[in-house]
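Here are a few exercises to work through with the model open in your viewer. Try each one yourself before reading its solution.

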Amino acid sequence: MTSKLRQSGGVIEAYREFLPVSPSTPIVSLAEGNTPLVYCPQLSERVGRGCEVYVKNEGVNPTGSFKDRGMSVAVSKAMEHGAKALICASTGNTSASAAAYAARAGIPCVVILPAGKIASGKLVQAVAYGARIVAIDGNFDDALRIVRELGDGHRFVIVNSINPDRIAGQKTAAFEIVDVLGDAPDFHLLPVGNAGNITAYWAGYQEYLAHQRSTKLPVMIGFQAIGAAPIFHDHIIDKPETIASAIRIGNPASWQQARIAIVESQGGIDVVSDEDILAAQSWLAQHEGIFVEPASAASIAGLFKCCDSDDAAYSFQKIRQTSRIVCTVTGHGLKDPDVIIGRMKKLKPIAATVTDVRRAIEL
Ligand code: F0G
């Protein structure tokens, strides 16, 4: 690896002492991480009681999702071990990220995807970064099963979150939150699919506490889509369905670790409907100026459920005044524009005069 790759910043440079790297690990980075933790006044008002709500906007990572954190560490370690090719199963974001970091490292990347279920922006990314794309007649769980088998040989390094280096990289998001807030938040809400991210955040918060970088641990609350909620129902879902294709997963790889995070943090796992996810997606864009993909909006839909619903797994109606709440939004809205495009009215052009434009504005 050239010294130029060492100059690009990113999560390894920022948190080297907490990551499984040594001075001889070649760093493959696109300057991921250091994402904005955005204070959201209108979300805070929705919660009330003087609580502060922050959104950790992971959509501004180099390939537009949180996956880049773990991918930097996983691909760096793979290169250290002399990998010749990478492989992953994906609902879209992992494949986009793996393809980019493989390109950066100069090795091939194979991505196995459920046919017809990948958001258009993510598929475009995998193509642009030059991945070898294989679509299967099956869902993400089938794709991961195949990847596990192919990765058993020595040909491919698996860069799904079953690779512990991915989890190690992703825990840097928790470090950043503590570094910005000065302590861990009281609550952390996030979408759950394959359950790697909730596992990583919990590991990160615990590690920072152990190193006295924080004084407490947050309550972890995860949200699954109603039609793809194996952890909530406590059984495998054979045919998971949701508009939030990123979390369309019926048999999460990190199921047990997610359970541990939820139980140890005295948190919860809950479900949100596709309708609520899409409503939360537009609410966040139109009230706080943050445009996220549907899966990411599950944490915002979840926050609303905690505030409003009596049957929420965790109610915010009696939480301590001035609690700090962080919602992770995991991917950029432009990755998955199809629902919004489908609902858009066709734009009818008008005459190019100030009078016509003024009339059309109607404000
Ligand atoms: N949000 C987005 C945008 C995702 O892409 C994913 C997972 C999740 C949330 C859930 O995170 O799996 O760690 O619980 N996407 C994976 C993929 C499965 O293949 O891109 P998780």
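**Exercise 1.** Which unit do E7, H10 and E8 make, and what is its handedness?

*Solution.* Keep in mind that this is a predicted model. Start with the strands: E7 (residues 187-191) pairs with E8 in the parallel sense, over 5 bridges. To find the register, look at Phe187, which stands opposite Val219 in E8. Now add the helix: E7, H10 and E8 together make a β-α-β unit, and it's right-handed.

**Exercise 2.** Work out how E8 sits in its surroundings, and what E8 pairs with besides E7.

*Solution.* First sort the side chains by direction. Val219, Ile221, Phe223 and Ala225 point one way, Met220, Gly222 and Gln224 point the other way, and all are buried. That makes 7 of the 7 residues of E8 buried, so the strand is largely enclosed by the rest of the structure. Next, go to E9: this strand runs parallel to E8, joined by 5 bridges. One spot to check is Phe223, whose bridge partner in E9 is Asp270.

**Exercise 3.** Which residues of H12 are buried, and which are exposed on the other side?

*Solution.* Run along H12 (residues 255-264) and you'll find Trp255, Ala258, Ala261 and Ile262 buried. Look down the helix axis: the buried residues fall within an arc of 125°, so they line one face of H12. Flip to the other side, and Gln256 and Val263 are exposed. What covers the buried residues includes H10 (196-210), E8 (219-225), H11 (230-233) and E9 (268-272). Finally, step past the helix to Gln266, which follows H12 and has a positive phi, near 55°.

Definitions and conventions: Residues are numbered from 1 along each chain as its sequence is written. This is a predicted model: local features need pLDDT of at least 70, side-chain atom pairs count only at pLDDT 80 or more; totals for chains, interfaces and linings use all residues. Side-chain values use heavy atoms; hydrogens and water are left out. Buried means under 20% relative accessible area, exposed over 50%, partly exposed in between (1.4 Å probe, protein chains only). Helices (H or I, at least four residues) and strands (E, at least two) are DSSP runs, numbered from the N terminus. The arc is that of the directions from the helix axis to the C-beta atoms. Contact means heavy atoms within 4.5 Å. Two strands pair if DSSP finds at least two bridges between them. A crossover is right-handed if, with the strands pointing away from the viewer, the path from the first strand over the helix to the second runs clockwise.
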